[in-house]
Amino acid sequence: MIEFQDLHKAFGDKPVLQGVSLKIRDAETVVIIGYSGTGKSVALKHIVGLLHPDAGDVIVDGQAVSTLERDGLTALREGIGYVFQFAALFDSLTVAENLALGLRRRRVSAEEIEDRVREALALVDLSGTEERMPAELSGGMRKRVGIARAIALRPRYILYDEPTTGLDPVTSAVIDRLMVRTREHLGVTGVVVTHDMRSAYTVGDRIAMLYEGRIRQVGTVAEIQETEDGVVRQFIEGRPE
Amino acid sequence: MDMVRALPDVRTWARPAIVQMRRIGVDSIPVTLFIAAFTGVVLALQASYTFTGAVPLYFVGTLVGKTMMLELGPVICGLALAGRVGASMAAELGTMKVTEQVDALETLAYDPQSYLVLPRVIAGTVMFPMIIAFAMATGIVTGWLTSLALLDLSTPDFLKGLKLFYQFKDVWFGLFKSATFGFTITAVGCIVGLATRGGAEGVGKSTTRAVVYSAVLILLLDAFWAVVLL
């Protein structure tokens with residue numbers, strides 16, 4: 001289980017998170033929605049200790065992330081897959097090497113690495129791209145490789161940072177289907193950060209809206225769709241006022 | 001301190017260190033030898049111009065040898081490599097930083113110090129003395145060829161001058177200095193690269209900063225070692 005406990009974070013004198021509290025139960029996918037620049041990605045980065053909170057904490061499997069030493073943090077990260085907004089593939093490595101890098105760190109045998117790379121690429125419909133370089137891939141393909149890199153680790157949690165941003169509607173739908181497939185096949189707990197409502201409705205078990213540094217509302221897809229909260233309604237309907 | 005902490009993680013840094021040694025070492029040889037070759041030519045000609053009539057011409061060999069080993073080999077090649085190696089590292093790591101590749105590395109449970117910084121710093125520290133040893137030899141050879149072709153100085157006379165005040169310390173001092181330049185250039189390139197913020201503009205600024213800081217530090221270190229070791 002992942003739990004945000006009264007998380008605060010500011011950059012300089014600009015407060016971003018001002019008391020985020022949210023529980024993500026095992027095997028569910030929670031989508032965090034909110035306006036651009038409200039700190040959704042900032043919240044996500046606290047889960048893997050990429051950012052250190054000013055106050056509060058994120059608890060993952062009973063461990064307070066900000067208190068972990070480097071070894072503890074490494075052990076925690078070994079159980080988490082992270083899909084970055086722009087995929088963050090390593091430019092100098094082939095697709096297969098990008099997937100293998102994390103597995104090598106986990107001392108997986110060479111034969112198993114080969115099998116897992118093949119399986120993960122098949123799951124994202126990119127079999128045969130093993131030897132291609134990231135620069136040779138389209139934006140959608142890069143994102144799918146990013147997802148495959150996370151899946152190949154067989155993590156307990158997968159964190160998706162804006163997985164469909166900047167993609168055309170069809171490719172976005174492919175990515176959504178992929179996230180659902182990943183949850184069904186691997187039973188992983190997912191946290192998805194997005195402002196794409198179609199994607200949120202497709203992949204989320206629950207949706208939480210981050211607004212002015214706090215969770216404004218959290219509920220099932222149906223609850224969010226029927227919300228009476230004006231701020232949430234305006235956001236999900238995409239109304240300018 | 002972070003680099004020292006990463007040292008025991010040999011499994012992570014050993015493989016990339018070999019890749020970096022090839023990149024820093026083999027790929028830097030042409031530019032370094034080019035610079036050293038012309039430095040040797042100019043040194044021989046300037047020595048002859050300065051000595052005319054007052055000092056025996058075989059001292060050209062002394063000046064070419066001493067200067068290439070003690071000063072110009074390490075410093076000129078160090079400054080050139082600050083541009084080639086330091087800038088390239090700052091740009092590469094800066095781009096990785098702004099495109100979240102460094103964050104991705106951390107989420108894959110790698111320590112960027114072990115995987116990115118240490119291999120580069122080790123490669124720089126080990127390979128710089130080797131590259132600069134070649135540069136010293138090249139500068140002396142081109143100085144000798146220039147003396148033969150343009151100065152009417154015989155090989156035995158050039159060698160006589162070369163050996164006259166030679167001490168083994170000349171070589172190790174130059175090579176030791178080169179190792180410290182290699183350490184400095186790569187460490188600065190990595191530190192500045194990983195501190196990059198913003199997009200392309202940030203990468204550009206980091207690249208410039210890495211070259212400027214490295215050049216200044218090379219000159220300071222050069223003076224420091226001269227005071228401490230000579």
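User: This is a predicted model, right? Then what share of the contacts in chain B with a separation of 6 or more comes from residues 24 or more positions apart?

Analyst: Yes, the model is predicted. Take the contacts in chain B with a separation of 6 or more, and ask which of them join residues 24 or more positions apart. That share comes to 85%.

User: What does the secondary structure of chain B look like, read along the sequence?

Analyst: Chain B has 9 helices. The strand count for chain B is 0. Read in order, then, the pattern is α-α-α-α-α-α-α-α-α.

User: And what are the spans of the C-alpha trace of chain B along its principal axes?

Analyst: We're talking about a chain of 230 residues, 52% of them buried. Its C-alpha trace, taken along the principal axes, spans about 70 × 35 × 30 Å.

User: How much of the accessible surface of chain B belongs to carbon and sulfur atoms?

Analyst: Start with the total, which is about 10,300 Å² for chain B. The part belonging to carbon and sulfur atoms is 73%.

User: How far apart are the mean positions of the positive and negative charges of chain B?

Analyst: Chain B carries 16 positive and 14 negative charges. Average the positions of each set, and the two means are apart by 2 Å.

User: Which chain B residue is listed among those with the most contacts inside the largest nonpolar core?

Analyst: That core has 138 residues. Several of its best-connected members sit in chain A, including Ile2(A), Phe4(A) and Leu159(A). Leu159(A), for one, is in contact with Ile2(A) and Ile47(A), and also with Val191(A). From chain B, the residue listed is Val60(B).

User: How many disulfides does the structure hold over all chains?

Analyst: A disulfide is a covalent bond between the sulfur atoms of two cysteines. Chain B has buried cysteines, among them Cys77(B), with a relative accessible area of 2%, and Cys190(B), at 0%. Still, the disulfide count over all chains is 0.

User: Glu162(A) has a positive phi without being glycine. Is it buried or exposed?

Analyst: Phi of Glu162(A) is near 45°. The residue belongs to the loop between β7 (157-161) and α6 (169-186) of chain A. Its relative accessibility is 6%, and the cut-off for burial is under 20%, so Glu162(A) counts as buried.

User: What about Glu212(A), buried or exposed?

Analyst: Glu212(A) also has a positive phi, near 50°. You'll find Glu212(A) in the loop between β9 (206-211) and β10 (214-220) of chain A. Its relative accessibility is 54%, and the bar for this class is over 50%, so Glu212(A) counts as exposed.

User: How far is Thr29(A) from Val192(A) in space, C-alpha to C-alpha?

Analyst: Thr29(A) lies in strand β3 (residues 29-33) of chain A, and it's buried, with a relative accessible area of 6%. Besides Val192(A), the residues Thr29(A) touches include Arg183(A), Gly190(A) and Asp205(A). Thr29(A) and Val192(A) are 163 residues apart in sequence, yet their C-alpha separation is 7.3 Å.

User: Last one: leaving aside neighbours within four places in sequence, which residues is Ser92(A) in contact with?

Analyst: Ser92(A) is in the loop between β6 (80-83) and α3 (95-105) of chain A, and at 52% relative accessibility it counts as exposed. Pro134(A) is 42 residues away in sequence, with a C-alpha distance of 8.2 Å from Ser92(A). With the sequence neighbours set aside, the contacts of Ser92(A) are Glu97(A) and Met133(A).

Note on methods: Residues are numbered from 1 along each chain as its sequence is written. Chains are lettered from A and ligands numbered from 1 in the order in which they are written. This is a predicted model: local features need pLDDT of at least 70, side-chain atom pairs count only at pLDDT 80 or more; totals for chains, interfaces and linings use all residues. Side-chain values use heavy atoms; hydrogens and water are left out. Helices (H or I, at least four residues) and strands (E, at least two) are DSSP runs, numbered from the N terminus. Buried means under 20% relative accessible area, exposed over 50%, partly exposed in between (1.4 Å probe, protein chains only). Contact means heavy atoms within 4.5 Å. Accessible areas come from the Shrake-Rupley method with a 1.4 Å probe; for residues, only the protein chains shown count as cover. Lys and Arg count as positive and Asp and Glu as negative; His and the chain ends are not counted. The place of a charge is taken as NZ of Lys, CZ of Arg, CG of Asp or CD of Glu. A nonpolar core is a set of buried Ala, Val, Leu, Ile, Met, Phe, Trp, Tyr and Cys residues joined through side-chain atoms within 4.5 Å. A disulfide is a pair of cysteine sulfur atoms within 2.5 Å.
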